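Grab a pencil and work through these exercises with the model open beside you. Try each task before reading its solution.

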Amino acid sequence: MHLHDAWFVIIAVLWTGYFFLEGFDFGVGVLTKLLARDRTERRVLINTIGPVWDGNEVWLLSAGGATFAAFPDWYATLFSGFYLPLLLILVCLIVRGVAFEYRAKRPEERWQRNWEHAIFWTSLLPSVLWGVAFANIVRGVKIDAHQEYVGTLGDLLGGYALLGGLVMLALFTFHGAVFTALKTVGPIRERARALATRIGLVTAVLAAVFLVWTQMHSGGGRSLPALVVALAALLAALGTNRAGREGWSFALSGVTIAATVAMFFLTLFPDVMPSSLNGAWSLTVGNASATPYTLRIMTWCAAIATPLVLLYQGWTYWVFRKRIGTQHIAEAAH
């Protein structure tokens, strides 16, 4: 295997980790409007992800940085062609971080309610936009012979791309509902399980249509097993959720997300950004990669730093592993 092939796999793993981890905290952010009934319950939901949401975003920074260093032409074409959607995601992530930190700084109900609105919308919009972005990458976009995007914003908003956005939102919301059931006690836990069942049924229908469409349009023998695993894991997650096995349900919903991302990258390879104008103009792991020397240095740095990051993040989840409920929220906090 060439180093540029290995780094394609590494980037796929980084995106998988990001969507697995950030997916449930995006979902919890959406559930602050769908599940919580009052300020105390919203505080419980926010507290379930409070210690980990910023660590989850490290995976996005790593994926973006790895793409920039390992495949600079891919990074340049992607960020120039998808400039407005990616800028909107970046703004949402900035506002979302501020909302988590500033919400409890003042006791006024209006102050806290406004930041809670911000958490909801800045969780919902990136979920949709990431789905739209990856659907466009998989399907192919208008790239010319100079490896430049020549389409318009409207070209990124076709039916397939919008369905991808809805699927990603539904997957993340289901993942967040199962995580909420895993991390809470009392009435919130029971309602989260019930809501996860309803959301999961909608997600299963949307995901089946989208993934089969993807397979028929761009897939092959490599991507078919990932499709089967994604749909089977989603159905199994629904079953274990109904049985009250939140740990298994959360793990299986994570497998669904991982298999979906794997299907995207298996469909792409050896392309990294297909051209819908001419297949010969597509960016591939070969023509978009950095020099072998750069890739070797990156490999050594990743081999040293990655285990340390994984150990620290795993330790964080272990420390904050216990369930919480409304009884754990001090009166002064709300």
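**Exercise 1. Find the helix that holds Thr180, then decide whether Thr180 is buried or exposed.**

Step 1: Thr180 sits in helix α8, which covers residues 159–183. Helices here are DSSP runs of H or I with at least four residues, strands are runs of E with at least two, and both are numbered from the N terminus.

Step 2: The relative accessible area of Thr180 is 0%, so Thr180 is buried. Buried means under 20% relative accessible area, exposed means over 50%, and partly exposed is in between, using a 1.4 Å probe and protein chains only.

Step 3: Now look at what Thr180 is in contact with, leaving aside neighbours within four places in sequence: Val28, Leu31, Leu35, Leu45, Ile188 and Ala192. Contact means heavy atoms within 4.5 Å.

A quick note on the numbers: this is a predicted model, where local features need pLDDT of at least 70 and side-chain atom pairs count only at pLDDT 80 or more, while totals for chains, interfaces and linings use all residues. Residues are numbered from 1 along each chain as its sequence is written, and side-chain values use heavy atoms, with hydrogens and water left out.

**Exercise 2. Work out how many residues of helix α2 are buried, and what covers them.**

Step 1: Helix α2 spans residues 39–49, and 10 of its 11 residues are buried, so α2 is largely enclosed by the rest of the structure.

Step 2: The buried residues are Arg39, Thr40, Glu41, Arg42, Arg43, Val44, Leu45, Ile46, Thr48 and Ile49.

Step 3: The cover over these residues includes α1, α3 (53–56), α6 (83–102), α7 (109–139), α8 and α9 (187–218).

**Exercise 3. Trace helix α1: what is its span, and where does it bend?**

Step 1: α1 runs over residues 3–34, which gives 32 residues. From first C-alpha to last it reaches 45 Å, close to the expected 46 Å. That expected span is 1.5 Å times one less than the number of residues.

Step 2: Follow α1 to Glu22, where it bends by about 30 degrees. The bend is the angle between axes fitted to the seven residues ending at a residue and the seven starting there.

Step 3: As for its surroundings, 24 of the 32 residues of α1 are buried, so the rest of the structure largely encloses this helix.

**Exercise 4. Describe how α1 packs against α11.**

Step 1: Helix α11 covers residues 246–268; its axis is 9 Å from that of α1, and the two pack at an angle of about 145 degrees. Axes are lines fitted to C-alpha atoms, for helices over the stretch in contact, and angles run from 0 to 180 degrees between N-to-C directions.

Step 2: Among the α1 residues that meet α11 are Phe8, Trp15 and Phe24, and on the α11 side the list includes Phe250, Gly254 and Leu268.

Step 3: Sorted by kind, the residues of this contact come out as 13 nonpolar, 2 polar and no charged. Here Ala, Val, Leu, Ile, Met, Phe, Trp, Tyr, Cys and Pro count as nonpolar, Asp, Glu, Lys and Arg as charged, and the others, Gly among them, as polar.

**Exercise 5. Find out what Thr77 touches.**

Step 1: Thr77 belongs to helix α5, residues 72–81, and with 3% relative accessibility it counts as buried.

Step 2: Not counting residues up to four places away in sequence, Thr77 touches Ile143, Gln147, Tyr149, Met273 and Leu283.

Step 3: Pick out Leu283: it is 206 residues from Thr77 in sequence, yet their C-alpha atoms are 9.0 Å apart.

**Exercise 6. Check the backbone at Gln147 and at the bond joining Phe269 and Pro270.**

Step 1: Most residues other than glycine have a negative phi, and most peptide bonds are trans.

Step 2: Gln147, in the loop between α7 and α8, has a positive phi, near 60 degrees. Its relative accessibility is 21%, so Gln147 counts as partly exposed.

Step 3: Phe269 and Pro270 are joined by a cis peptide bond, with omega about 5 degrees. Pro270 lies in the loop between α11 and β1 (271–273).
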